[in-house]
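Let's work through a few exercises on disulfides and a pocket. Have the model open, and try each task before you read its solution.

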Amino acid sequence: MQAWVTMVVTLATLTVAPVDAKIYERCELAMKLEKAGLNGFKGYSIEDWLCMAHYESGFDTSFVDHNPDGSSEYGIFQLNSAWWCNNGVTPTQNLCHMECRDLLNRHILDDILCARQVASSKNGMTAWDSWTRHCSGHYLSEWLKGCNMHAKSDSKKINS
């Protein structure tokens with residue numbers, strides 16, 4: 001009897017507390033980024049943002065990575081707790097004035113606003129090592145292939 005009650009309580013808890021994270025499909029994310037005004041923002045294309053997000057999180061809003069220095073990186077853009085958000089553990093600058101846990105759900109407007117701050121900083125997108133390694137200076141048009149979007153990247157732009 002007690003096992004049955006435990007199972008019912010567990011199932012009720014699981015149905016009441018829905019998981020709010022999401023792994024975005026590439027084209028779905030591209031459309032969200034375009035709608036949020038990231039195409040051409042600070043000279044970066046939607047392809048730059050997609051490439052970076054892919055290598056940072058695999059488009060997974062719930063992804064958390066822990067660094068050797070004790071900081072952690074959160075969400076689809078892997079925003080660092082030492083600089084951009086407050087996780088309650090790491091000493092932080094909290095330049096986006098937000099809780100890191102708010103970066104872990106399917107609602108990515110706050111993630112996008114914070115990522116815009118990162119891209120607006122003196123380092124631009126080089127703040128993301130994965131963008132520097134995998135995206136900067138690379139041919140990126142494949143990131144929008146099949147997405148049926150009107151976003152046009154500046155094919156002459158070479159990031160250095």
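**Exercise 1.** Work out whether C96 is buried or exposed, then follow its disulfide.

*Solution.* Start with accessibility: C96 has a relative accessible area of 11%, so it is buried (buried means under 20% relative accessible area, exposed over 50%, partly exposed in between, with a 1.4 Å probe and protein chains only). Before going on, note that this is a predicted model, where local features need pLDDT of at least 70, side-chain atom pairs count only at pLDDT 80 or more, and totals for chains, interfaces and linings use all residues. Residues are numbered from 1 along each chain as its sequence is written, and side-chain values use heavy atoms, with hydrogens and water left out.

Next, find the partner: C96 is joined to C114 by a disulfide, S to S 2.0 Å (a disulfide being a pair of cysteine sulfur atoms within 2.5 Å). The torsion about this S-S bond is 85°, a right-handed link. C96 sits in the loop between β3 and α4 and C114 in helix α4, so the bond ties together parts 18 residues apart in sequence (helices are DSSP runs of H or I, at least four residues, and strands runs of E, at least two, numbered from the N terminus). C114, at 2% relative accessibility, is buried too.

**Exercise 2.** Find how many disulfides the whole structure has, and give the pairing.

*Solution.* The search turns up four. With the bonded cysteines numbered in sequence order, they pair 1-8, 2-7, 3-5, 4-6.

**Exercise 3.** Which hand does the disulfide of C27 and C147 have, and why?

*Solution.* First check the bond: the sulfur atoms of C27 and C147 are 2.1 Å apart. Then read the S-S torsion, about -80°, which makes this disulfide left-handed. C27 belongs to helix α2 (residues 26-35) and C147 to the segment after α5, so parts 120 residues apart in sequence are tied together. Both cysteines are buried.

Now try C85 and C100: their S-S torsion is about 95°, so that disulfide is right-handed.

**Exercise 4.** Which element gives the most to the lining of the largest pocket?

*Solution.* Take the volume first: the largest pocket holds about 450 Å³ of space. Its lining has 18 residues, with E73, N80, A127, W128 and D129 closest to the centre. Elements supplying at least two lining residues each are α3 (46-57), β3 (79-80) and α5 (129-134). The top contributor is α5, with four residues.

Key
1 Å grid on protein atoms, 1.4 Å probe; cavity = no way out; pocket = protein on both sides within 12 Å on 5 of 7 lines; lining within 4 Å. Points joined across faces, edges and corners; volume = space filled by probe spheres on them.
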